[in-house]
Amino acid sequence: MFSIKEQKKTKQSIQSLNDVEYPLMEDFYTIQGEGAHTGRAAYFIRFAGCDVQCWWCDVKDSWDESKHPKVKTGDIVQRAVESGTDLAVITGGEPLLHNLEPVTIRLREEGFQVHIETSGSSPLSGHLDWITLSPKRFKKPLDEVFPYVDELKVVVLKNKDLEWAEENAAKCPPNTTLLLQPEWETPSSIKLIVEYVKKNPKWGISLQTHKFINVP
Ligand code: SF4
């Protein structure tokens, strides 16, 4: 868990947190399709802006934050509360381009567990119960992120991605969940991963199950 020092909050400060705006590409209630929490109902909050720019990215529309509206924290949190789940997943884009303190404080106050999916290219911020690091060689994770990683999820297209996965795993805490995920448009990666995991059972496989069951 990563948590910056929490400040004393008054009613006024809650209002001021609610007024903080983020560039929002989309927010929606769905099923977490990837990683250790696969299958859980979750409210996804996808912030816009990404400085990593993977060529195989499936959310390229998120890259330019100026194309997306700025939405108040209070409105996002209200919609998350109305969904009925207690799990919020902050993703992007690269969500750590933004200071996550206001939105994570408000989500926690409403009883949410707050998860994040990040490339680790910017410093951690906010109050986070579960950190999924998905490192990208296009912009490497900051070293300061690794001690807080709960789950390492590496997208694999070819052999050299397995070396990249090991390089990152060596920097994570010993109890980190280690997952390899095939790139959806590269079916050959599945065989590669299956063979690798059988030989190196400290790793598991993460599948984008939401794509199999056709949920967003
Ligand atoms: S870090 Fe994520 S959002 Fe950014 S380009 Fe890569 S896959 Fe896309």
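**View 1. Contacts across the chain in this predicted model.** Take the contacts between residues at least 6 apart in sequence: 64% of those in the protein chain join residues at least 24 apart. The elements being brought together are 6 helices and 11 strands. The radius of gyration comes out at 17 Å, close to the 17 Å that the globule rule gives for 216 residues, so the chain is as compact as a globular protein of that length. Along the principal axes, the C-alpha atoms fill a box of roughly 55 × 35 × 30 Å.

**View 2. The largest nonpolar core, with its 40 residues.** Have a look at F47, L107, L180 and W203, which touch the most other members of this core. Helix 4 (residues 159-169) gives the largest share, 4 residues. In the protein chain as a whole, buried residues make up 53% of the 216.

**View 3. W203 and its neighbours.** Leaving out residues up to four places away in sequence, W203 touches L152, A165, E166 and A169. W203 also touches L178, L179 and L180, plus Y196 and V197. One of these neighbours, L180, is listed with W203 among the core residues that touch the most other members.

**View 4. Another core, of 8 residues, apart from the largest one.** Among its members are C50, C54, V155 and L157.

**View 5. Out at the surface of the protein chain.** About 10,600 Å² is exposed, and carbon and sulfur atoms supply 52% of it. As for charge, the chain has 26 positive and 31 negative ones, and their mean positions are 3 Å apart.

Notes:
Residues numbered from 1 in each chain as written. Predicted model: local features only at pLDDT ≥ 70, side-chain atom pairs only at ≥ 80, totals over all residues. Heavy atoms only, no water. Helix = DSSP H or I, 4+ residues; strand = E, 2+ residues; numbered from the N terminus. Rg over C-alpha atoms; globule rule 2.2 N^0.38 Å. Buried < 20%, exposed > 50% of the residue type's maximum accessible area, 1.4 Å probe, protein only. Contact = heavy atoms within 4.5 Å. Areas by Shrake-Rupley, 256 points an atom, 1.4 Å probe, with all protein chains shown as cover. Lys, Arg positive; Asp, Glu negative; His and termini not counted. Charge placed at Lys NZ, Arg CZ, Asp CG, Glu CD. Core = buried A, V, L, I, M, F, W, Y, C linked by side-chain atoms within 4.5 Å.
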